[in-house]
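Got the structure open in your viewer? Let's take a short walk through it, one selection at a time.

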Amino acid sequence: GGVNDVLAQALQLQNISVMQPNGTDEDGNPWGLLRVGDFSATLPAFLEHVKEKLGTPVLRYTDGGRPVSKVAVGGGACAGALVEAFYAGCDTFVTADVKYNQFWDAKMLGINMIDAGHFNTENPVVAVLAEKIQTAFPEVQVKISKNHTDCMKFY
């Protein structure tokens, strides 16, 4: 139910799982940072899909030369997990805060790397958190800010 679970759901990935679990919780559920799921599309079609589902005005990306099939997601600054996505067999990685050299690394590894912005990759979890707070405290009115947006603007 965290940021990356919600991000994977927002992108409508199928067969979502924890990528390289670090362990299990008390109920036996795997836990770890990144999520992986299936999505079948050309890269241009997936780029449009990401823009629409995350409401981002622009994307930065590198074309790894493969269609989209197995997608890793890491909201916010998870670009450093590129090698983990590679070893997990992913052809596409959606994250944010990607550095120039990381795009080159992705291209050399043959992975489509998409930087959808820090705000836009983490913001989908806000509605989920608001619902959890509202459920836990029904006497409190929970509102999601309409003024809090990405501080970065594009010209």
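Which helices each supply at least two residues of the lining of the largest pocket? Select α2 (43–54) and α5 (118–122): those are the ones. Keep in mind that you're looking at a predicted model.

Stay with that pocket for a moment. Its volume is about 200 Å³. The lining is made of 13 residues, and to find the centre, select L54, G55, F119, N120 and D150, which are the closest to it. Now try colouring the lining by residue type: you should get six nonpolar, four polar and three charged residues.

Next stop, the second largest pocket, with a volume of about 160 Å³. Select R60, D115, G117, M152 and F154 to land in the right place, since these lie nearest the centre of the second largest pocket. They belong to a lining of 13 residues. Colour that lining by type too, and it splits into six nonpolar, three polar and four charged.

Now head for the start of the chain and pick helix α1, residues 3–10. Which of its residues are buried? Show the side chains of N4, D5, V6, L7 and A8, and you have them.

What do those buried residues pack against? Among the strands, light up β1 (14–18), β4 (35–41) and β6 (68–73). Then add the helices: α2, α5 and α6 (125–136). You've already met α2 and α5 at the largest pocket, where each supplies at least two lining residues.

Last selection: Q12, which follows α1. Check its backbone and you'll find a positive phi, near 60 degrees.

Note on methods. Residues are numbered from 1 along each chain as its sequence is written. This is a predicted model: local features need pLDDT of at least 70, side-chain atom pairs count only at pLDDT 80 or more; totals for chains, interfaces and linings use all residues. Side-chain values use heavy atoms; hydrogens and water are left out. On a 1 Å grid over the protein atoms alone, a cavity is a set of points where a 1.4 Å probe fits but cannot get out, and a pocket is an open set with protein on both sides within 12 Å along at least five of seven lines; lining residues have an atom within 4 Å of a point. Grid points are joined across faces, edges and corners, and a volume is the space filled by probe spheres set on the points. Helices (H or I, at least four residues) and strands (E, at least two) are DSSP runs, numbered from the N terminus. Ala, Val, Leu, Ile, Met, Phe, Trp, Tyr, Cys and Pro count as nonpolar, Asp, Glu, Lys and Arg as charged, and the others, Gly among them, as polar. Buried means under 20% relative accessible area, exposed over 50%, partly exposed in between (1.4 Å probe, protein chains only). Contact means heavy atoms within 4.5 Å.
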